[in-house]
Structures are given as structure tokens and as C-alpha cells.
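Subject: Structure for you to look at

Hello,

Here is the structure I promised to pass on. Please open it next to these notes, which go through what was found.

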Amino acid sequence: MDDIVSAAGSPHPPKRFLLCSPDNFDVTFEINPWMTTERRPDREKSWREWNGLVAELRAAGAAVHHFPSLPGLSDMVFPTDVGVVDGNRFVRGRFRHPERRDEAAHGATWLLEHGFTEIPWPDDPNMYLEGGDAVRFGDVLLCGNGPRTSPAAAAHLSRVLDIPVVTVPIVDPRFYHLDMSFCPLDDRRAIYAPDVWDVEGQRVVEKLVPEPLIISIDEALTFSANSVVIGRTVVMPACPPRIRSALEDWGFTVRVSPVDEFLKAGGGIRCMALDLDLLGRSGHLSPL
Ligand code: ARG
């Protein structure tokens, strides 16, 4: 069912991602401002872009695992939202919108079948968590909240994962997950769009990131912050020239892998690639 695409011969264990292929990708409902059922993704182009992304991640040295998307779950191609992985354990996503809720069980099944153990949720119906809101920066987990994730869920993550969590309230609904406005580059640097957050969120992030690459709303609207970083390579859906030259000045290599069909559903590269090493891999039991 799943398959390891590649782990390029690097001396370090490769960074691992879980992707979901676009077998059943579509825009059949509208749960964010990008989605309209009037503008459906093209099937062949989606496959081309998805295969292109797998190839780019692989070329950057990552190991890519994948599983198929299922009929009726047209957003399943965004597996980042199904959970938060910490070493050999994970917390399952609790989706805000009913349209996506069944995805959590499928993502959890894949993780359980591959040696991860699940940390249960307390019996509280008011907790929502989507993995796109959980972004690690150094020793801290940043957690977007508002559109999709609730503050109580962020507090739960902090407790069960024993990690400091900083919540960042999102006020611009176009950037409904934190991974659309914040992209960590390494322990000191991050790309971010502060105008997406409330003043308190801006203040907290400003104190946390010693070397920021601050981007405008227009730059963020290209999905440039919805990128993944593998060592010194940043794999991006788009990269405005100013951002590219700032990244290159810092010694990063930019690889643009267009995923325009997926942007129609409001998701880019970070949404499409669940980070299996988000919070470290020590003590991992799985044969991955
Ligand atoms: N259509 C999906 C949704 O609205 C897109 C998910 C994007 N995921 C992300 N991690 N930003 O939920």
C-alpha cells in the first residue's frame, strides 16, 4: 500500500515525509477562502505536480513515504493536518470541519502500522487540532490558533509532548494554518508574515526568532511560506525574487516545485508533506 520512494545516499538518516497521492484529489467543498467548486483541479496536472514534488524532496535528500487518497476524502492529499509526530509517538488531528474528519483515522492507521504509538486525547469536544498549525522552531512548538486549532488543544500538546508551546492567533482567514505564514529555516532563522497574526502573536514571534525573513501579505499569498526545509534546501511552491535572494545570501538553495492544482484547495508543499521528524526521532522503534 505504501512505498518508500527514496532516501538519497546521505551520511545522515534522511528527513522523512509522508505524502498522500492525488488519486481522489478534488475540490468538492469550500472550507477556506481559496476553495471554490467552480475551479476544480486538473487530474493529470495534479499527478504531474505531485510526482514532481516527490522527486524534488528526494533530490534534496529526504525519504518520502506515501499512501493513496480515498474516494470521498478530496483533501486527503494534505496529510500534514492528520497529526503531530514526536519521535515514535503522535497526537492525531481533530479537524474543525466535518468534511475532513475521516482523514484523521486513515492517517493514524498508517502511523500505527508503521510503529508509531498514539497519545490519546482527553474527552473534550472543544479541542480542535490540525497539524498545519503545529510548527517547530528550535525547542519550541509554535501553534497557530483561531481558524482551525483551539488554544485548549495547544495546551494539551504542550502537556503530553512536554514541550513549550507558543500560541500564535491568526486573524487573516486566508492563512488559516500557521504553516502558511511561518516557515522555520533553522534554529535561528525563519520566513514569516507577521501581518497574518494579532499584535500579541507578532510580539511573541519577534522575540523568538533572532534572524527573521519578514515577508508581506502579497509575498505570503504566493504560498512561499508553505515550504519545507531539508538541510540547506528549501522546497517551495513559489519564491518571489526578494525572498530567493535573501535565502541565497544565507546559503540556502531554493528549489521551486509548482503545485498550482493543490493551491486551488488552499494547500501548498508543507501541507502536502507530513513531517515524520517534526519533534525529533530519538528512540524511534519503527522500521521506517
Ligand atoms: N483544503 C484544505 C483545508 O482547508 C487545505 C489544507 C492545507 N493544509 C495546511 N497544512 N495548510 O483544510
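A strand, as the word is used here, is a DSSP run of E with at least two residues, and strands are numbered from the N terminus. One thing to keep in mind throughout: the model is predicted.

V84 first. V84 lies in strand β4, which covers residues 83–86. Is V84 buried or exposed? The cut-off for buried is 20 or more other C-beta atoms within 10 Å. V84 has 28, so V84 is buried. Leaving aside residues up to four places away in sequence, V84 touches F90, V91, G131, A134, L157 and L278. V84 also sits 8.5 Å from L274, C-alpha to C-alpha, with the two positions 190 residues apart in sequence.

Strand β4 belongs to an open sheet of three strands. The order is β4-β5-β6, and the pairing is mixed. At the edges are β4 and β6 (117–118), each pairing on one side only. β4 and strand β5 (residues 89–92) run antiparallel and are joined by four bridges. One bridge partner to look up: G83 is matched with R92 in β5.

Now the annotated site. The UniProt record, an unreviewed entry, puts the feature "active site" at H177 and C271. These positions are spread over 95 residues of sequence, yet they cluster in space, with a largest C-alpha distance of 9.2 Å.

Where is H177? H177 is in the loop between β9 (165–169) and β10 (182–184). H177 is buried, because 27 other C-beta atoms lie within 10 Å. Not counting residues up to four places away in sequence, H177 touches E130, G132, D133, G144 and R148.

C271 is in helix α8, residues 269–272. C271 also counts as buried, because 27 C-beta neighbours fall inside 10 Å. With residues up to four places away in sequence left out, the contacts of C271 are F78, T80, D81, G132, D179 and N226. G132 is thus on the contact list of H177 and on that of C271.

The ligand comes next. Which residues come nearest to the ligand? Of the 16 residues around the ligand, they are F78, G132, H177, G267 and C271. Both annotated positions, H177 and C271, are in that group. The shell around the ligand divides into six nonpolar, six polar and four charged residues.

There is another open sheet of three strands, in the order β7-β8-β9 and with mixed pairing. Its edge strands are β7 (134–137) and β9, each pairing on one side only. From one strand to the next, the twist averages 30°. Strand β8 (residues 140–145) and β9 run parallel, joined by five bridges. Within that pairing, L141 stands opposite V165 in β9. Helix α4 (residues 199–208) packs on the sheet and touches β7, β8 and β9. The direction of helix α4 makes about 140° with that of β9.

Last, A59. A59 is in helix α1, residues 43–59. A59 is partly exposed, because 15 other C-beta atoms lie within 10 Å. The C-alpha atoms of A59 and R255 are separated by 9.9 Å, although the two residues are 196 apart along the chain.

Best wishes

How values were computed:
Residues numbered from 1 in each chain as written. Predicted model: local features only at pLDDT ≥ 70, side-chain atom pairs only at ≥ 80, totals over all residues. UniProt positions renumbered as here; feature names shortened; annotations may be inferred. Buried ≥ 20, exposed ≤ 12 C-beta atoms within 10 Å, placed from the backbone. Contact = placed C-beta atoms within 7 Å. Pairing = 2+ DSSP bridges. Axes fitted to C-alpha atoms, helices over the stretch in contact; angles between N-to-C directions. Near = placed C-beta within 6 Å. Nonpolar A, V, L, I, M, F, W, Y, C, P; charged D, E, K, R; others polar.
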